[in-house]
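User: Got a minute to go over this one with me? I'd like to start with the overall layout and then get to the ligand.

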Amino acid sequence: MDLALLPPEVAQAHGSFPAALAACADLDGLMRLKGAFVGREGSHAARLMELLKAAPKEEKRDLGAAINTLKNVWEEGLKGRQAELEAARKQAAALGNAWDPDLPAPCPPTGALHPLTRLMDRLVDVFRPLGYHVEEGPEAETEAHNFDGLNIPEDHPARGSADTFYFKEQALLLRTHTSPVQVRVLQRIAAVGPDGLSELERAGGIRFLAPGRVYRKDEIDPTHSPMFHQVEGMLVGKGIGMHHLKGTLAYAMKALFGPGAEVRFRPSYFPFVEPGAEMDVRCPLCGGSGCRVCKGSGWVELLGAGLIHPNVLRLAGIDPEVWSGFAFGMGVERTAMMVSQTPDLRLFFENDQRFLKTMGGLD
Ligand code: PHE
């Protein structure tokens with residue numbers, strides 16, 4: 001091919017074509033190069049065609065042949081480079097999706113403990129350093145453990161089928177509180193071993209928490225649910241008085257709500273304690289000035305408590321002249337609602353991820 005036949009700019013462009021082609025890093029760049037060399041208008045090829053048209057007849061043949069050769073070189077070059085760039089793009093995309101053994105394995109989203117479970121765990125953590133361990137009892141209980149052993153009289157309203165879920169066929173009920181665990185543990189530690197000593201005597205006392213579900217025939221509303229949670233606590237020792245109970249609970253509430261937490265005790269009645277009390281904490285939301293959560297009183301009731309009634313010890317086979325103790329039962333949902341400022345108890349049971357992901361404010 002005779003480059004001398006071509007205008008000098010075209011000859012020069014042709015000389016730099018291979019380098020320009022190699023410099024195209026992507027298909028966009030290549031399309032621009034294609035436009036400049038073989039595009040319909042304004043390209044080198046278009047210029048050459050005009051040149052051909054204007055050329056004298058006797059030159060047309062040679063010039064035409066040279067132009068064709070040139071266009072072929074360009075077109076082939078562009079096609080080849082396009083194929084290369086397309087292959088590279090495919091390979092990059094494939095690599096992007098490929099399994100990379102150096103990356104950590106993709107994990108399914110991890111689960112998390114329910115906010116109520118976390119709160120109960122926290123309570124257990126607060127009491128563990130004080131020597132408390134965890135005890136459990138069945139949710140399907142006997143009347144003997146749920147009522148009789150707790151000194152609850154035959155005619156007590158809680159025994160009625162209006163308040164308690166009874167099983168039709170068996171002599172069982174769904175426990176209405178975690179206090180039957182008191183009875184189970186007292187009976188167990190009262191049993192005398194081969195050495196003639198009870199577990200209670202051998203250990204010199206006992207202290208435990210019993211977290212769990214309880215059931216009452218309540219309609220579901222923002223503050224009631226037929227299933228809810230309590231954490232029972234009990235300590236049996238010698239010479240135990242209200243001061244031990246108050247000191248223990250005041251300490252626990254500070255550990256739970258912060259060092260500024262204040263508690264107060266009001267006299268109350270439960271058949272299985274004497275004296276009995278209810279404990280309030282200074283509303284952690286308003287600090288006592290009065291708000292929606294504490295209903296303007298500045299205090300929130302958290303638990304029932306008292307010194308173990310001598311009858312409860314006696315019924316379990318423990319001598320109340322020797323042993324004494326305290327017990328308390330704390331409402332978990334009530335505490336959770338307060339801590340997390342959740343106005344509706346049902347949120348804890350509906351399992352809406354948006355609520356649970358915030359841990360109900362209990363992080
Ligand atoms: N069992 C009581 C209730 O459910 C709470 C309580 C426990 C009170 C232990 C005193 C002692 O309301």
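**Domains and ligand site**

Analyst: Sure. Taken over C-alpha atoms, the centres of domain 1 and domain 2 are 87 Å apart. Keep in mind that this is a predicted model.

User: Where does the assignment put domain 1 and domain 2?

Analyst: Domain 1 runs over 8–97, and domain 2 over 115–359.

User: OK, on to the ligand. Which residues come nearest?

Analyst: There are 14 residues around the ligand, and the nearest are His177, Ser179, Arg216, Gln230 and Gly329.

User: What does the His177 side chain get close to?

Analyst: One of the polar side-chain atoms of His177 is 3.0 Å from a ligand nitrogen atom. Ser179 also has a polar side-chain atom by a nitrogen atom of the ligand, at 2.9 Å.

User: And which kind of ligand atom does Arg216 have by its side chain?

Analyst: An oxygen atom, with a polar side-chain atom of Arg216 lying 3.0 Å from it. As for cover, the ligand has 330 Å² of accessible area on its own, and the protein covers 91% of that.

User: Which strands each supply at least two residues of the shell?

Analyst: Strand E5 (227–237), strand E8 (299–308) and strand E9 (324–331). E9 gives the most, with three residues.

User: Last thing: how do the shell residues divide into nonpolar, polar and charged?

Analyst: Six are nonpolar, six are polar and two are charged.

Technical notes:
Residues numbered from 1 in each chain as written. Predicted model: local features only at pLDDT ≥ 70, side-chain atom pairs only at ≥ 80, totals over all residues. Heavy atoms only, no water. Near = heavy atom within 4 Å. Polar contact = N/O pair within 3.5 Å; in protein donor to acceptor, adjacent residues only side chain to side chain. Areas by Shrake-Rupley, 256 points an atom, 1.4 Å probe, with all protein chains shown as cover. Helix = DSSP H or I, 4+ residues; strand = E, 2+ residues; numbered from the N terminus. Nonpolar A, V, L, I, M, F, W, Y, C, P; charged D, E, K, R; others polar. Domains from an automatic or database assignment.
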